[in-house]
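Trainee: Got a minute to go through this one with me? I'd like to start with the helices and then move to the sheets.

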Amino acid sequence: MDPYLLGLRLEGRRVVVVGGGAVASRRIPALLDAGADVLLVSPKVAASLEDLAAAGRIRWEPRGYRPGDCAGAWLVCACTDDSEVNAAVAAAAEAQRTWYVRADDAGASAAWTPASGRAGDVRIGVLSVDPKRGDPRHSAAIRDAVVAGLQSGRLSARHGRRHPAGVAIIGGGPGDPGLITVRGRQLLAEADVVLTDRLAPRSLLDELRDDVEIIDAGKIPYGRAMAQEHINAALVGHAQAGRFVARLKGGDPFVFGRGAEEVLACLRAGVPVTVVPGVTSAVGVPASAWVPVTHRGVAQEFHVVSVHVAPGDERSTVNWELLGGSSGTLVLLMAVERIGAVADELLRYGRSPDTPVSVIADGTLPTQRTINSTLEQVESCVAEEGVRPPAIVVVGDVVSVAAEITELMRHVTA
Ligand SMILES: C[S@@+](CC[C@H](N)C(=O)[O-])C[C@H]1O[C@@H](n2cnc3c(N)ncnc32)[C@H](O)[C@@H]1O
């Protein structure tokens with residue numbers, strides 16, 4: 001017969017554990033998490049159990065099992081390494097109609113302990129239906145897969161009664177779908193509507209249920225990007241219609257991502273909103289090309305700069321004089337098309353012409369490529385190589401550290 005699965009609510013209820021070895025050391029913490037009143041009977045116990053007894057969390061009788069020990073128990077665990085003792089414990093429990101688990105003989109147990117784990121507000125239990133022939137590692141592997149799937153959002157488990165409301169602004173990381181956070185992935189899996197950007201990790205969209213509406217905010221018919229006010233209106237409109245909206249963005253929403261504008265728009269409309277930070281391309285993309293943005297003895301500071309307008313443009317608020325005069329690492333976003341003007345400005349304000357520069361395009365994606373150059377040569381290099389956005393430009397001596405790492409890597413992987 002298949003076992004009947006039940007969740008035992010053990011708070012304040014007596015559980016007798018006989019034997020204080022490895023099995024008891026695994027079971028007792030879980031029993032305590034469930035609030036059980038644990039009586040441990042064993043002449044010797046593992047150090048962790050001794051600590052629990054010393055802290056008053058369990059009662060320990062330092063002696064062998066005696067008839068009568070199971071009195072008053074709701075559950076009995078026979079975990080000694082002596083099968084005769086385990087059999088005597090089981091017989092006593094059976095006689096008083098108390099559920100019992102024998103660690104040494106599943107076939108002689110009234111109950112079996114499932115491989116269990118927790119994901120959010122659910123507890124997962126996995127039992128092999130034939131523990132005589134079943135492999136406990138198989139149950140544990142299934143448990144691990146389910147827990148990991150739920151935690152990561154790969155297994156879609158939408159709340160029926162507690163469906164999230166409002167809008168989640170989610171940083172998707174620089175492009176590799178493995179670089180979104182666990183929280184981001186969970187919320188994405190719960191969404192009814194997803195508004196996605198061009199640089200968001202779009203391959204994650206394939207995992208969504210068929211009924212999830214996906215709005216491509218990076219593109220609308222006729223090739224224009226969706227205006228920010230339309231994005232804001234869509235976020236608010238869908239949320240007000242009772243849908244849970246995930247706004248999936250590239251990198252971190254608050255790093256040149258207009259995430260705060262979207263937060264403000266939601267709040268002004270009375271829509272609840274949450275933000276999930278992401279791995280910003282400003283740091284994640286250099287790392288993916290082995291460029292550390294700081295390095296002891298090389299760079300104590302790094303500056304992240306948007307070059308969506310060129311130096312000298314009246315809309316630019318960047319202090320290029322200060323950046324040219326500093327020795328810190330410069331991480332430039334949206335700079336590819338204006339790299340010549342940037343290099344001129346940095347040279348003008350004091351950076352050396354042979355300052356190393358790395359241009360990393362499509363960072364963390366299968367098409368990633370890196371072009372190494374110098375401040376003096378970078379413009380022609382970018383043109384010759386036909387580098388296209390998205391790309392991160394790193395200026396500074398940390399680029400030489402990356403060269404050292406990649407050289408060593410060649411030997412290690414060879
Ligand atoms: C509007 S900004 C958005 C930045 C984003 N919020 C972040 O934290 O990464 C877009 C710029 O980020 C950089 N970028 C984003 N993803 C990138 C990637 N995978 N590889 C290289 N650069 C990237 C490029 O400079 C691109 O032009």
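Mentor: Sure. This is a predicted model. Start with helix 1 (residues 22–33) and helix 2 (residues 47–54): their axes come within 9 Å and cross at roughly 35°.

Trainee: Is that crossing left-handed or right-handed?

Mentor: Helix 1 and helix 2 cross in the left-handed sense.

Trainee: Which residues make the contact?

Mentor: Helix 1 gives Ala 24, Ser 25, Ile 28 and Leu 32. Helix 2 gives Ser 48, Leu 49 and Leu 52. Five of the contact residues are nonpolar, two are polar, and none is charged.

Trainee: New topic. What does strand 6 pair with?

Mentor: Strand 6 pairs with strand 7 (residues 122–126), antiparallel, over five bridges. Ala 119 has Val 122 of strand 7 as its bridge partner.

Trainee: And the turn of that hairpin, which residue has a positive phi there?

Mentor: Gly 120, with phi near 60°. Two residues lie between the strands of this hairpin.

Trainee: Which residues of strand 6 are on the covered face, and which on the uncovered one?

Mentor: In strand 6 (residues 115–119), Ala 115, Gly 117 and Ala 119 make up the covered face. Ser 116 and Arg 118 are on the uncovered face. In a regular strand, side chains alternate between the two faces of the sheet.

Trainee: On to strand 11. How many of its residues are buried?

Mentor: Five of the five, so strand 11 (residues 245–249) is largely enclosed by the rest of the structure. Val 245, Arg 247 and Lys 249 point one way, Ala 246 and Leu 248 the other, and all are buried.

Trainee: What sheet does strand 11 sit in?

Mentor: An open one of five strands, ordered 10-9-11-8-12, with parallel pairing. Strand 10 (213–216) and strand 12 (273–276) are the edge strands, each pairing on one side only. From one strand to the next the twist averages 15°.

Trainee: Which helix packs on that sheet?

Mentor: Helix 6 (residues 228–240), touching strand 8, strand 9, strand 10 and strand 11. The direction of helix 6 makes about 150° with that of strand 11.

Trainee: How many bridges does strand 11 have with strand 8, and how many with strand 9?

Mentor: Strand 8 (residues 167–171) pairs with strand 11 over five bridges. Strand 9 (residues 193–196) is joined to strand 11 by four. On the strand 8 side, Val 167 is partnered with Val 245, and Ala 168 with Ala 246. On the strand 9 side, Val 194 stands opposite Ala 246.

Trainee: Now the sheet with strand 14. What's the strand order there?

Mentor: 13-14-17-15-16, five strands in an open sheet with mixed pairing. Strand 13 (302–306) and strand 16 (369–374) are at the edges with a single partner strand each, so one side of each has no neighbour in the sheet. Neighbouring strands are turned by 20° against each other on average, direction ignored.

Trainee: What packs on it?

Mentor: Helix 8 (residues 281–288), touching strand 13, strand 14, strand 15 (356–361) and strand 17. The direction of helix 8 makes about 80° with that of strand 17. Strand 14 and strand 17 are antiparallel over four bridges, with Leu 330 opposite Val 395.

Trainee: Last one, helix 10. Which residues are buried?

Mentor: Ile 339, Gly 340, Val 342, Ala 343, Glu 345 and Leu 346, in a helix spanning residues 339–348. Their cover includes helix 9 (320–325), strand 14 (329–333), helix 11 (378–385) and strand 17 (391–395). Just after helix 10, Gly 350 has a positive phi of about 120°.

Note on methods
Residues numbered from 1 in each chain as written. Predicted model: local features only at pLDDT ≥ 70, side-chain atom pairs only at ≥ 80, totals over all residues. Heavy atoms only, no water. Buried < 20%, exposed > 50% of the residue type's maximum accessible area, 1.4 Å probe, protein only. Contact = heavy atoms within 4.5 Å. Pairing = 2+ DSSP bridges. Axes fitted to C-alpha atoms, helices over the stretch in contact; angles between N-to-C directions. Left-handed = near helix turned anticlockwise from the far one by under 90°. Nonpolar A, V, L, I, M, F, W, Y, C, P; charged D, E, K, R; others polar.
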